[in-house]
Amino acid sequence: MSRTRTPVVAGWFTEGTAEEDFRLLGTRCGACSSVFFPRQDTFCRNPGCTGGELVEVPLSRRGTVWSYTDGRYRPPAPYVSDPDAPWEPYVLIAVELAAERMVVLGQAAPGVGIGDLAVGMTVEVVPGVLNEDAPQGGGTVWTTWHWRPVITATGAAQGGAA
């Protein structure tokens, strides 16, 4: 039986696209051109704007690392975590998007650790998995986004410290 792929938050990123087409989705105000992520669908959050039509826009695929940290503890509920499974630390990255100049937080792609990152380096958004339910009865794969360093032709990460 196949597993159902379900976004953790519907409408925040593209679904069912190739990795190179994967994007976070925001909204842009037609009156002031402010861009929002998470998306805003009811009103413009810019306090200086009288409001305009909010239109969905794909956000930059790349940005620069603004900050990062690792989570070395098991977060409490409602975070989904099997208390009997060994805890694995995870890395959170705050990324300033290239065109929008806004900072978006997200988890690092599997295999990316603190030692692989530097403030100012270039990263790209890629599809990811937050959690997978038990496969009995099909199960659900809960999808999200991850950040990973952009590697140059020489095999080095772009930007940041060497």
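The following exchange concerns the fold, cores and salt bridges of a predicted model.

Visitor: On what basis are residues numbered and local features accepted?
Guide: Residues are numbered from 1 along each chain as its sequence is written, and side-chain values use heavy atoms, with hydrogens and water left out. Because the model is predicted, local features need pLDDT of at least 70, totals for chains, interfaces and linings use all residues, and side-chain atom pairs count only at pLDDT 80 or more.

Visitor: Which pattern of helices and strands does the protein follow?
Guide: Helices (H or I, at least four residues) and strands (E, at least two) are DSSP runs, numbered from the N terminus. The protein has zero helices and nine strands. Read along the sequence, the pattern is β-β-β-β-β-β-β-β-β.

Visitor: What share of the 162 residues counts as buried?
Guide: Buried means under 20% relative accessible area, exposed over 50%, and partly exposed in between (1.4 Å probe, protein chains only). Of the 162 residues of the protein, the buried share is 37%.

Visitor: Among contacts between residues at least 6 apart in sequence, what percentage joins residues at least 24 apart?
Guide: A contact requires heavy atoms within 4.5 Å. Among contacts between residues at least 6 apart in sequence, the portion joining residues at least 24 apart is 56%.

Visitor: Which strand gives the most residues to the largest nonpolar core?
Guide: A nonpolar core is a set of buried Ala, Val, Leu, Ile, Met, Phe, Trp, Tyr and Cys residues joined through side-chain atoms within 4.5 Å. The largest has 24 residues, of which L24, I93, V104, W145 and W147 touch the most other members. Two or more residues come from each of β6 (90-97), β7 (103-108), β8 (122-132) and β9. The element giving the most, with four residues, is β6.

Visitor: Which residues does V104 touch, not counting residues up to four places away in sequence?
Guide: V104 is among the members of the largest core that touch the most other members. With residues up to four places away in sequence not counted, V104 touches L24, F37, I93, A94, V95, L97, W145 and W147.

Visitor: How many salt bridges are there?
Guide: A salt bridge is a side-chain nitrogen of Lys or Arg within 4 Å of a carboxyl oxygen of Asp or Glu. By this rule, the count is eight.

Visitor: How many residues apart in sequence are the parts tied together by R148 and E19?
Guide: The side chains of R148 and E19 form a salt bridge (2.4 Å, N to O). R148 lies in strand β9 (residues 140-149) and E19 in the loop between β1 (4-7) and β2 (25-29), so the parts that the pair ties together are apart in sequence by 129 residues.

Visitor: Which residues are linked with E19 and R148 in a network of salt bridges?
Guide: R148 is partly exposed at 27% relative accessible area, and E19 is partly exposed at 34%. Linked with E19 and R148 in the network are R61, R62 and E124.

Visitor: Is R39 buried or exposed?
Guide: R39 meets E56 in a salt bridge (2.7 Å, N to O). E56 lies in strand β4 (residues 54-58) and R39 in the loop between β3 (35-36) and β4, so the pair ties together parts that are 17 residues apart in sequence. E56 is partly exposed at 44% relative accessibility. With a relative accessible area of 18%, R39 is buried.

Visitor: What is the relative accessibility of R72?
Guide: R72 and D70 meet through their side chains in a salt bridge (2.7 Å, N to O). D70 is partly exposed, with a relative accessible area of 26%. R72 counts as exposed, at 59%.
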